[in-house]
Amino acid sequence: MTAKDIGTRGTSATVRVRADGEVDEESLAYLREKVGTALDRPGIPPVSGEVRVARASAQHVELPWSAGADIRVGRHLVTVHAHEASARELADRLHDRLRAGAERVVHRGDTTRRTATPPPWRGGPQK
């Protein structure tokens, strides 16, 4: 796979966007913007990784635009895949999935393996 364009965000996060196939600059810029807004928010630990975008050259493909992202949020890995009919739809779908994945990772510590309060007959709080 040869990269048509490789870019790195200038913030504290380092996310590389790679394009393969016939990807125009306008679509790539919109995709970079959407990835940036999904991951550059307060409360999210340092982010690094790569987003790969490809456009199929075959005319008969129903969803020619595809993307895959492997993003490390803090010490957790968020992997996202998307297939869409247009570049804008792909960027929007990727934004939604990256944002949801990052939120899940950030709030994972709040609810993981938390036990319910034991009943009073097992040493729980007495009323």
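# Notebook: salt bridges, a cavity and Ser66

**Entry 1. Arg52 and Asp70.** I looked up Arg52 and Asp70 and found that their side chains form a salt bridge, with an N to O distance of 3.6 Å. The model is predicted, and I read the values below with that in mind. Arg52 belongs to strand S3 (residues 47–55) and Asp70 to strand S4 (residues 65–73), so this pair ties together parts that lie 18 residues apart in sequence. I then checked the accessibility of both partners. Arg52 is partly exposed at 24% relative accessibility, and Asp70 is likewise partly exposed, at 31%.

**Entry 2. The network around Arg52.** I next asked which other acidic side chain meets Arg52 in a salt bridge. Glu50 does, again at 3.6 Å from N to O. Following shared partners further, I noted that Arg18, Glu50, Arg52 and Asp70 are joined by salt bridges into one network.

**Entry 3. Lys34 and Asp92.** I counted 6 salt bridges in the protein. One of them pairs Lys34 with Asp92, where the closest N and O atoms are 3.5 Å apart. This pair links distant parts of the chain: Lys34 sits in helix H1 and Asp92 in helix H2, 58 residues apart. Is Lys34 buried or exposed? I recorded a relative accessible area of 18% for Lys34, which means that Lys34 is buried, since the cut-off for that class is under 20%. Asp92, at 30%, is partly exposed.

**Entry 4. Ser66.** I located Ser66 in strand S4, the strand that also holds Asp70. Ser66 has 19% relative accessibility and therefore counts as buried. Leaving aside residues up to four places away in sequence, I listed its contacts as Arg52, Val53, Ala54, Ala82, His83 and Leu90. Arg52, one of these contacts, is the residue that forms salt bridges with Glu50 and Asp70.

**Entry 5. The second largest cavity.** I found 2 cavities of 30 Å³ or more and examined the second largest, which holds about 40 Å³ of space. Which residues line the second largest cavity? The lining consists of Val23, Ser27, Leu28, Leu31, Val53, Trp65, Ala87 and Leu90. Two elements, helix H1 (25–39) and helix H2 (87–106), each give two or more residues to this lining. H1 gives the most, with 3 residues. By class, I recorded 7 nonpolar residues, 1 polar residue and no charged residue in the lining. I also noted that Val53 and Leu90, both in the lining, are among the residues that Ser66 touches. Helices H1 and H2, which contribute to the lining, are the helices linked by the Lys34 and Asp92 pair.

**Entry 6. The whole chain.** I closed with the overall architecture. The protein has 3 helices and 5 strands, arranged along the sequence as β-β-α-β-β-β-α-α. Of its 127 residues, 35% are buried. I recorded an exposed surface of about 8100 Å², of which carbon and sulfur atoms supply 49%. Among contacts between residues at least 6 apart in sequence, 46% join residues at least 24 apart. The Lys34 and Asp92 salt bridge, with partners 58 residues apart, is an example of a link between distant parts of the chain.

Technical notes
Residues numbered from 1 in each chain as written. Predicted model: local features only at pLDDT ≥ 70, side-chain atom pairs only at ≥ 80, totals over all residues. Heavy atoms only, no water. Helix = DSSP H or I, 4+ residues; strand = E, 2+ residues; numbered from the N terminus. Buried < 20%, exposed > 50% of the residue type's maximum accessible area, 1.4 Å probe, protein only. Contact = heavy atoms within 4.5 Å. Areas by Shrake-Rupley, 256 points an atom, 1.4 Å probe, with all protein chains shown as cover. 1 Å grid on protein atoms, 1.4 Å probe; cavity = no way out; pocket = protein on both sides within 12 Å on 5 of 7 lines; lining within 4 Å. Points joined across faces, edges and corners; volume = space filled by probe spheres on them. Nonpolar A, V, L, I, M, F, W, Y, C, P; charged D, E, K, R; others polar. Salt bridge = Lys/Arg side-chain N within 4 Å of Asp/Glu carboxyl O.
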